[in-house]
Amino acid sequence: MHTKTLTELSLGLRSGAFSSVELTQTFLQRISQHQDLNAYITVTEELALQQALAADVRLANGTADCLTGIPIAQKDIFCTLDVKTTCGSKMLDNFIAPYNATVVEKLNQSGAVMLGKLNMDEFAMGSSNETSYYGAVKNPWNITTVPGGSSGGSAAAVAARLAVCATGTDTGGSIRQPAALCGITGLKPTYGRVSRYGMIAYASSLDQGGPMTRSAEDAAIVLQTMAGFDAKDSTSVDLPVPDYSAGLNNSLAGLKIGLPKEFFSDGLNSDVAAVLATAIDEYRKLGAEIIDISMPNLKLAIPAYYVIAPAECSANLSRFDGVRYGYRCENPKDLTDLYTRSRGEGFGKEVKRRILMGTYALSTGYYDAYYLKAQKIRRLISDDFKNALAKVDVIMGPVTPTTAFGIGEKMDDPIEMYLSDIYTIAINLAGVPAMSIPAGFVAGMPVGLQLIGSYFAEDRLLNIAHQYQQVTDWHQQTPNGFE
Amino acid sequence: MEWETVIGLEIHTQLATKSKIFSGAPTAYGAEPNTQACAVDLGLPGVLPVLNEEAVRMAVIFGMAIEAHIAPYSVFARKNYFYPDLPKGYQISQMDHPIVGIGHLDIDVDGVTKRIGVTRAHLEEDAGKSLHEDFHGLTGIDLNRAGTPLLEIVSEPDIRSAKEAVAYMRKLHELVRYLGICDGNMQEGSFRCDANVSVRPKGQQEFGTRAEIKNINSFKFVEKAINHEVERQIELLESGGRVVQETRLYDSVKDETRPMRSKEEANDYRYFPDPDLLPVIIDEAFKAQIKAALPELPQAKKLRFKADYCLDDESVSILTASRQLADYFEAVYKKSGCEAKLCANWITGDLSAALNKAGLDITDTPISDERLSGLLARISDNTISGKIAKQVFEALWQSTTSADDIIAEKGLKQITDSGAIVAIIDKIIADNPGQVEQYRSGKDKVFAFFVGQVMKEMQGKANPAEVNKMLKEQLKG
């Protein structure tokens, strides 16, 4: 059962070929067999079986929708009522939210079954899932390599068939980069398309939740439930949600694909480049027109991002002070000691590094030089995307410069780690939607192709991805040992 | 040397919204600790602020009342600092783009009107409270107040004395209550003041170094705290010292200010626009809607009361001190159909005295405008005398019935039957031949005796003017 796609499983459930309880048990068993991947922080076995039973009732009485009875998993950044939400941090090792994130609430309403909470980089800060307090997640394609991050647990779980699909969040590439490194489909929606309520903030103006699935067809179904205006999130956008599945089969004849020359320069591994070239060729066969474009400000994305994101995070993470919830140090001798030790002991190295960078960037005398300048660059980058997307329907490029790197390989060199997000970060600064889809392999490791679209054009991106997945089978490959 | 005092005030007014500025939790005062705070107020992970439009409306009302520039585009910013009663580790406030820009407020000091500039007014959320007592050396945190909307009103350094500062503060206090945007309750902290105080040699252009005095919660303390601080600074300067820029706390028990933190110790608040909130856009339609609903302002009301009701300055100033009292007066005037002066006298006299004695506000008066009107109408049409009216007023205060019912029930109606009055006068004349003799021999003073006797006999129910007239007639003999 676990090899089937969401669409197939949904049909199976509704036809009565198997029950949600049976399906859920299959996945729970797989999770327990593959604990060595470390994809899950919390497995909610009891809750999952309860939800599966309830889903079977809905399936029987005809009130089921596409996700009813489907075993999914939540990135541990989404708050879940009565279930621990750690955000991959010691700081929240004891935290149980008294509310559901809007995304969780919506998926619950649809009747999806939650298998558990997925591992992630601490507070979503990392590109390899190695900053998690709960330990690194292993890439199912090669367990000595990283799955990417920060949604590394989500990508590994979907790739290893430990969940039918998963939620992820993407601040600088955290859905797309792990999706690429684990050979799955990941979609970062337009900023404001999916509610951020109950999604623990890293960098509020960049964070966006989205689906991580095996195919574009599956992503359309999950996004359908996740997306929409939420009165509890002032930055969510009050626009109608289109039917994401409706246009999947539209023809790509005449599609204009833009290839920014900045995406295909020196930093890109030549084997990865070759895989991408083949993928682009496939699109040409589907009737697309390839256009070379230039986005001159892309090179500024990493420095701008590493000012804005840490600045926002330095304030967002101030609430973790040991006063009301979360980790508190033992026997504080006074208030300052309570603050410094609770935060010093509760946060990991990368989180502290970003808080320090952000605090510095916002300080009197540095604000104009760093924060304000970064905001100006952000505007330039957004303009680059708007200009490019006025000429082409979709921009394509790499997701990552290389395939998955080894666990431990980049942990001592933060700059090197930051550069692994070079192709994804600009998209968050602009706020446009983007996807990563499996496009082939280099030495047995998956390579992702990135598709970038106009604001709120998720339906078009899904259509473009789905058409490729109709003529290729990269997305159907399963890592050895997880068949 | 002669010194000049320069003062700027920052006044925090708690806006009278039902729910908090960024959450749906109630703002009611005095509840059990931590029962009026929701996940947003507690700063739990993942929660987000949503702006309360009512707070925006109130800020715009205030801006219009001080003829200020209303910003078409204003921005919320995060003010970062750590404190246990600040749940998020930052306060959502406004920095570069406040909602209300430059405006002004006119104050009257010793009969002279002076214009005080208002630099800006911005919206922000209040913090919670740290409770240091009753926890055996530990600190308790009450987050009920966290997220309560505040409008911080910052004046220009136009104030030149403690007296002017108090006048400004009183004027502002009156205004925000008039506008219905703040309950003005200073004990509960709904209206709080920080004062920036400096001195400079008279005639000098540039300002002296200022000290900020925090959290002064009464008019009396503002005056005392400023006077004390001015004295301290002058003494310091005259003895060759220097004022250091710092924040000082006023201790009302010891009547002194003492340092809280110096400029060097001051927080770097690292303000930046809050990415969780969109900029506030105020368009002309919104402003027009508010303008149309704007209540009459105190100054305009005063002028109108003088002109329309021909009342003396003192009555006008008492009646217009609060919008509710002014409304009460106008309702009584309209419903009773009596002269404005009669209405004003009863409201500023007997009613105000009774309310004061009972510690009640006009909004809690046991005598509705309807019932007071009923009483005044009966005075006006001579049904009862002024003296009896006081008796009826007492009864109105104690009961819920109308003046007419009380008059009927107690038989307090004036006797207008002249035959009955003449009969009583004749009886008094017959019973007091000696006094009649004296009167008739020219001792006019005895007349009061006869009036007293007649009124006593009639239990005050006769019209005194009528009695006078008839007595004179009968005594002629």
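Start with chain B and colour it by the domain assignment: domain 1 covers 3-286, domain 2 covers 296-410 and domain 3 covers 418-475. Keep in mind as you go that this is a predicted model. Now put a centroid on the C-alpha atoms of domains 2 and 3 of chain B; the two centres are 33 Å apart. Where these domains meet, four residues of domain 2 of chain B are in contact with four of domain 3 of chain B. On the domain 2 side of that contact you'll find one nonpolar, two polar and one charged residues.

**The eight-stranded sheet of chain B**

Stay on chain B and switch to cartoon. Look for an open sheet of eight strands, running β5-β6-β9-β1-β10-β11-β12-β13, with mixed pairing. Select 103-109 and 256-262 to see its edges: these are β5 and β13 of chain B, and each has a single partner strand, so one side of each is left without a neighbour in the sheet. Turn the sheet to look along it, and you can follow a twist that averages 30° from one strand to the next.

For a closer look at the pairing, show β1 (residues 3-14) and β9 (residues 149-155) of chain B, which run antiparallel and are joined by five bridges. A handy marker here is B:Glu10, which sits opposite B:Val154 in β9(B).

Next, bring in the helices. Helix α4 of chain B, residues 219-238, packs on the sheet and touches β1, β10, β11 (211-216), β12 (246-251) and β13 of chain B. Its direction makes about 25° with that of β10(B). Then select 162-178 for helix α3 of chain B, which lies across β1, β5, β6 (112-125), β9 and β10 (191-201) of chain B. Compare its direction with β5(B) and you get an angle of about 120°.

**The three-stranded sheet of chain B**

There is another open sheet to pick out in chain B, with three strands in the order β4-β3-β14 and antiparallel pairing. Select 90-93 for β4 and 272-273 for β14 of chain B: both stand at the edges with a single partner strand each, so one side of each lacks a neighbour in the sheet. Strand β3 of chain B, residues 77-80, is antiparallel to β14(B), and two bridges join them. To find the spot, label B:Ala77 and the residue opposite, B:Pro273 in β14(B).

**Across to chain A**

Now show both chains and highlight where they touch: 36 residues of chain A are in contact with 25 residues of chain B. On the chain A side, the elements giving two or more residues are α9 (301-316), α10 (335-346) and α11 (349-362) of chain A. Which of them gives the most? That's α9(A), with three residues. Colour this side of chain A by class and you'll see 20 nonpolar, nine polar and seven charged residues.

Hide chain B and colour chain A by domain: domain 1 takes in 6-254 + 392-476, while domain 2 is 299-374. Their C-alpha centres are separated by 27 Å. Between them, 28 residues of domain 1 of chain A are in contact with 22 residues of domain 2 of chain A. Select 414-419 and 425-430 to see α13 and α14 of chain A, the elements that give two or more residues to the domain 1 side. That side divides into 17 nonpolar, eight polar and three charged residues.

**Inside domain 1 of chain A**

Zoom in on β4 of chain A, residues 165-170, where six of the six residues are buried. Show side chains: A:Cys165, A:Thr167 and A:Thr169 point one way, and A:Ala166, A:Gly168 and A:Asp170 point the other way. For its pairing, add β2 of chain A (residues 71-75), which is parallel to β4(A) over two bridges; A:Ile72 has A:Cys165 as its bridge partner. Then add β6 of chain A (residues 208-213), which runs antiparallel to β4(A) with five bridges between them. Here A:Thr169 stands opposite A:Gly209.

Last stop: helix α1 of chain A, residues 6-15. Buried or exposed: what are A:Leu6, A:Leu9, A:Ser10 and A:Leu13? These residues of α1(A) are buried, and they cover an arc of only 100° around the axis, which puts them on the same side of α1(A). Among the elements covering them are α2 (20-33), α3 (45-61), β4, β6 and α7 (216-226) of chain A. Step just past the end of α1(A) to A:Gly16, which has a positive phi of about 85°.

How values were computed:
Residues numbered from 1 in each chain as written. Chains lettered and ligands numbered in written order. Predicted model: local features only at pLDDT ≥ 70, side-chain atom pairs only at ≥ 80, totals over all residues. Domains from an automatic or database assignment. Contact = placed C-beta atoms within 7 Å. Helix = DSSP H or I, 4+ residues; strand = E, 2+ residues; numbered from the N terminus. Nonpolar A, V, L, I, M, F, W, Y, C, P; charged D, E, K, R; others polar. Pairing = 2+ DSSP bridges. Axes fitted to C-alpha atoms, helices over the stretch in contact; angles between N-to-C directions. Buried ≥ 20, exposed ≤ 12 C-beta atoms within 10 Å, placed from the backbone. Arc of directions from axis to C-beta.
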